[in-house]
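Work through the following exercises with the sequence and the model at hand, and compare each solution with your own reading.

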Amino acid sequence: MLSNSAHSPTISFRSLLLATSIGFMALAVSQTAAAITTKNITYTVNNQSYQGYYAKADQPNAPFILLIHDWDGLTDYERQRADMLATEGYNVLAADMFGLGIRPTTIEDKKRLTSALYDDRVKMRKLLEGALNIGQKQGNDVRQGVTMGYCFGGTVALELARSGFPQKAFVPFHGGLDIPVGQNYDKTVGEILVFHGSADESIPLADFATLGKTLEASNVQHEMVTYSGAKHAFTVFDSDRYDARADKRSWKRYMDFLAEEYN
């Protein structure tokens, strides 16, 4: 279980740094034209290897963002979003939820990998634990960070919110909004910011409304935005479901929100 102890000097999901076997190796370090440093980071969780992507802003004490990928794994899309955030002054770790080299390409494999984690929330939280450890080892204050995600990743971000791990905010973009049986938002520490397409056929507006009522009942600060005509995965560049209007507006609101949180 994730811990929300304000007196603990370290992150703790049962003493986060001790409970998970973490080893990491920085690979392929590069300097981008926008003066951000990027690298792949290989780490282990429960004896399985994972590879995340770290984009570091060229400024001291930059706020931390944990970014969770869509159901096709950590791809160039998440790397691009991480770079975009780093150029805005944030240190971003794009986590790996599937495993080193596991990047599904078929619908069947994508469903299999995500379903396995939906059915094993303990493992899902362990993987979040491992990613947060890596973020901390890079010198970030992850308890003052933000966790965001796209589609499947948005669902995972809300799992962290429900766990009670304290952060500034949890931000799903077209993510799953349903609440697993036996879970609630009573322990959530941090705001919830939701970006959703009104034309999303995968996550109905009924789930959006239910989440809003649940957050209100649990006294969780939240902001929830819908975009007319926007379908599921409306932020994914070059997709037939990409909605430029919804993408640009949600990104601008997200940048403004982050500025409000850290200024």
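**Exercise 1: a helix pair**

In this predicted model, helix 4 (residues 121–137) and helix 5 pack with their axes 10 Å apart and at an angle of about 90°. Classify the arrangement of these two helices, and state which residues make the contact.

*Solution.* Begin with the angle: since 65 to 115 degrees counts as roughly perpendicular, helix 4 is therefore roughly perpendicular to helix 5. Next, list the contact residues, which are Arg121, Met124, Arg125, Leu128 and Leu132 on helix 4, and Val156, Glu159, Leu160, Arg162 and Ser163 on helix 5. Sorted by class, the contact of helix 4 with helix 5 comprises five nonpolar, four charged and one polar residue.

**Exercise 2: the largest pocket**

Describe the lining of the largest pocket, and say which helix gives the most to it.

*Solution.* The space in the largest pocket comes to about 550 Å³. Its lining has 30 residues, and those nearest the pocket centre are Asp70, Trp71, Cys151, Phe152 and His232. Two or more lining residues come from each of helix 2 (76–87), helix 3 (107–118) and helix 5 (152–163), and helix 3 gives the most, with five residues. By class, the lining divides into eleven nonpolar, ten charged and nine polar residues.

**Exercise 3: confidence**

Over which residues is the pLDDT below 50?

*Solution.* For the chain, the mean pLDDT is 90, with 87% of residues at 70 or more. The pLDDT is nevertheless below 50 over residues 1–11, and it stays under 50 over residues 13–33, for which the model has 67 contacts beyond four places in sequence. Where pLDDT is low, predicted coordinates should not be read in detail.

Key: Residues are numbered from 1 along each chain as its sequence is written. This is a predicted model: local features need pLDDT of at least 70, side-chain atom pairs count only at pLDDT 80 or more; totals for chains, interfaces and linings use all residues. Side-chain values use heavy atoms; hydrogens and water are left out. On a 1 Å grid over the protein atoms alone, a cavity is a set of points where a 1.4 Å probe fits but cannot get out, and a pocket is an open set with protein on both sides within 12 Å along at least five of seven lines; lining residues have an atom within 4 Å of a point. Grid points are joined across faces, edges and corners, and a volume is the space filled by probe spheres set on the points. Helices (H or I, at least four residues) and strands (E, at least two) are DSSP runs, numbered from the N terminus. Ala, Val, Leu, Ile, Met, Phe, Trp, Tyr, Cys and Pro count as nonpolar, Asp, Glu, Lys and Arg as charged, and the others, Gly among them, as polar. pLDDT is the predictor's confidence in each residue, from 0 to 100. Contact means heavy atoms within 4.5 Å. Axes are lines fitted to C-alpha atoms, for helices over the stretch in contact, and angles run from 0 to 180 degrees between N-to-C directions. Angles under 35 degrees count as roughly parallel, over 145 as roughly antiparallel, 65 to 115 as roughly perpendicular and the rest as oblique.
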